[in-house]
2 protein chains.
Amino acid sequence: MARTSNHNRQDSLEKALQLFWRKGFHATSLKDIEKALDMRPGSIYAAFGSKEGLFQEALERYAQQSLQELKHHLASFDSPLSGLTAFIRGLGGLRDQDLPSCACMLVKSLLELSYQEQGSRQKADNLLASMEAFFTTCFIAAQEAGELDTTLDPVRLSRRLQAEIMGLRAFAERDVENEVVQAVADDMALSLEALSNTQLKTQR
Amino acid sequence: MARTSNHNRQDSLEKALQLFWRKGFHATSLKDIEKALDMRPGSIYAAFGSKEGLFQEALERYAQQSLQELKHHLASFDSPLSGLTAFIRGLGGLRDQDLPSCACMLVKSLLELSYQEQGSRQKADNLLASMEAFFTTCFIAAQEAGELDTTLDPVRLSRRLQAEIMGLRAFAERDVENEVVQAVADDMALSLEALSNTQLKTQR
DNA sequence: GCTTTACCTGAGTGATCGATCAATATAAAG
DNA sequence: CTTTATATTGATCGATCACTCAGGTAAAGC
């Protein structure tokens, strides 16, 4: 009965995600978005409502993708804990991938936005909370697998882990050699491995 | 021979620092600055050249103050290593202070700015490098005091420490209870203390 | 082919951006 | 008090900001 849309919504979102991740919310203008999505203002506003609406959808897509990648990575490990440590170690190679930014988009957003863009800031915050929740399930799984001392608080461990990842990825934005980032990642992975029960048994 | 300035340059810089630290570079407009400094555009440009010039001077002031506070804190400790661990633990109370932001201004800038504002980004990067250098001197002092295994690389330790602090302070921006931030800080302090030789001796 | 209905276009909105400068004000020097 | 040098003011600059909407376009249903 009517005309169909020229643009694939997911493709447009992905392009917006890349742009926002690289430049941040404020530094990204509608002109930039128009060019990246090859869409005119009217179409953009019809599809996403506002710049902030588009940004929030990009945030959600980012978080969903990140979580999915993490789950896919962990699936190739028998042990939850060694999956996590391998993940941390893998973050040491962030620079080799061609990402819009080494730093986490959620963290960039959390640090950039203030009460003025409360909706977007809160969205980033909530998505970080759900990432923390997933880390918690990993540590619980590790405890159930007997890899981790059950007296340790999995929620507390997940917060510490999230803070470390935040730090590692922020550090990776510095102008240092790739090997330096890898060394920090390795050190973090080591201290995570140190929590392992099997590790403790070999030490004794 | 001529008129003297109404405004104290250091006071103005301090106010600009607080503003930029809280809102970031892009979200801070000249209007905001005019109001905060109680200065008109002409005076601001006469004193600081440009918005970015003012921002860079604010960055330098921030780094200088941060370093000075850290040195002052460490001076009250006999042991370099326990000074550092106490510092980390103290960061757990970030929320209680009335700071413009929990996150480090240098990190916020590093994550917000791109090649468009290369000068400011590079300045933030350099200042972070000098912070790292100071941490290195602390670890070297700890080694010379016999607190730290001399086979450990003090440069590597300082980078790991900086990444942890970056992570802790970014995490503190999340909407969580103050006790949660303190717990992360305590955990980080513990793993730093675990490097101590004396700690190891009591374990054996 | 015609009608209907949605989509797309892009010039244009007022507001705000960072920055400039001629006019004015004021403190120090003579 | 006059002169001189500098500081301050605030109207104003062109550019860009996020955003709107009237008009043109094209696909689906008949």
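**Exercise 1. Work out which elements make up chain A and in what order they run from the N terminus.**

Step 1. Read along chain A of this predicted model: from the N terminus on, the elements run α-α-α-α-α-α-α-α-α-α.

Step 2. Put that into a count: the secondary structure of chain A comes to 10 helices and zero strands.

Step 3. Add the dimensions. The C-alpha trace of chain A spans about 70 × 40 × 35 Å along its principal axes.

Step 4. Look at how the chain folds back on itself. Of the contacts in chain A between residues at least 6 apart in sequence, 66% join residues at least 24 apart. Buried residues account for 40% of the 204 residues in chain A.

**Exercise 2. Check the span of helix H7 of chain A against its number of residues, then find what covers its buried residues.**

Step 1. Helix H7(A) covers residues 118-144, which makes 27 residues.

Step 2. At 1.5 Å a residue, the helix should span 39 Å, and its end C-alpha atoms are 39 Å apart, so the two values agree.

Step 3. Now pick out buried residues. Among them in H7(A) are Ala124(A), Leu127(A), Leu128(A), Met131(A), Phe135(A) and Phe139(A). The buried set also includes Ser120(A), Arg121(A) and Lys123(A).

Step 4. Ask what lies over them: the cover includes helix H4 (51-75), helix H5 (80-91), helix H6 (105-112) and helix H8 (154-171) of chain A.

Step 5. Finish just past the helix, where Gly146(A) takes a positive phi of about 75°.

**Exercise 3. Find the residues with the most contacts inside the largest nonpolar core, and list the partners of Leu106(A).**

Step 1. A useful background idea is that nonpolar side chains tend to be buried together in soluble globular proteins.

Step 2. The largest nonpolar core here has 110 residues, and Leu106(A) and Leu106(B) have the most contacts inside it.

Step 3. Set aside the neighbours of Leu106(A) within four places in sequence. Its contacts are then Leu59(A), Tyr62(A), Ala63(A), Ala124(A), Leu127(A) and Leu128(A).

Step 4. Link back to the previous exercise: Ala124(A), Leu127(A) and Leu128(A) are buried residues of H7(A).

**Exercise 4. Decide whether Phe48(B) and Val176(B) are buried or partly exposed.**

Step 1. Phe48(B) lies in helix H3 of chain B. A residue counts as buried if 20 or more other C-beta atoms lie within 10 Å of its own. Phe48(B) has 22, so Phe48(B) is buried.

Step 2. Beyond residues up to four places away in sequence, Phe48(B) touches Gly53(B), Leu54(B) and Glu57(B).

Step 3. Val176(B) lies in the loop between H8 and H9 of chain B. With 18 other C-beta atoms within 10 Å, Val176(B) is partly exposed.

Step 4. For a sense of distance, go from Val176(B) to Ile140(B): they are 36 residues apart in sequence and 36 Å apart in space, C-alpha to C-alpha.

**Exercise 5. Describe how chains A and B are related and where they touch.**

Step 1. Lay chain B on chain A: a turn of 180° and a shift of 0.0 Å along the axis give an RMSD of 0.1 Å. The two copies are thus related as by a two-fold rotation axis.

Step 2. Locate the axis. Of the residues of chain B, Gly167(B) comes closest to it, at 1.7 Å (C-alpha).

Step 3. Count the contact: 34 residues of chain B are in contact with 33 residues of chain A. On the side of chain B that touches chain A, H8(B) gives the largest share, 11 residues. That side divides into 14 nonpolar, seven polar and 13 charged residues.

Step 4. Compare the two sides. Because 97% of the interface residues of chain B are also interface residues in chain A, the copies meet through the same surface.

**Exercise 6. Find which residues come nearest to each DNA strand, and which helix gives the most to the surface near it.**

Step 1. Take DNA strand C. Of the 24 residues around it, the nearest are Ala2(A), Gly42(A), Ser29(B), Pro41(B) and Gly42(B). H3(A) gives the most to this surface, with four residues.

Step 2. Take DNA strand D. It is surrounded by 24 residues, the closest being Ser29(A), Gly42(A), Ala2(B), Asn6(B) and Gly42(B). Here H3(B) gives the most, with four residues.

Step 3. Sort by class. The surface near strand C has 10 nonpolar, nine polar and five charged residues. The surface near strand D divides into 10 nonpolar, nine polar and five charged.

Terms used: Residues are numbered from 1 along each chain as its sequence is written. Chains are lettered from A and ligands numbered from 1 in the order in which they are written. This is a predicted model: local features need pLDDT of at least 70, side-chain atom pairs count only at pLDDT 80 or more; totals for chains, interfaces and linings use all residues. A nonpolar core is a set of buried Ala, Val, Leu, Ile, Met, Phe, Trp, Tyr and Cys residues joined through C-beta atoms within 7 Å. A residue is buried if 20 or more other C-beta atoms lie within 10 Å of its own, exposed if 12 or fewer, and partly exposed in between; C-beta atoms are placed from the backbone. Two residues are in contact if their C-beta atoms, placed from the backbone, lie within 7 Å. Helices (H or I, at least four residues) and strands (E, at least two) are DSSP runs, numbered from the N terminus. Ala, Val, Leu, Ile, Met, Phe, Trp, Tyr, Cys and Pro count as nonpolar, Asp, Glu, Lys and Arg as charged, and the others, Gly among them, as polar. A residue is near a molecule or strand if its C-beta atom, placed from the backbone, lies within 6 Å of it. Copies are superposed by least squares on the C-alpha atoms of residues with pLDDT of at least 70 in both. The expected span of a helix is 1.5 Å times one less than its number of residues.
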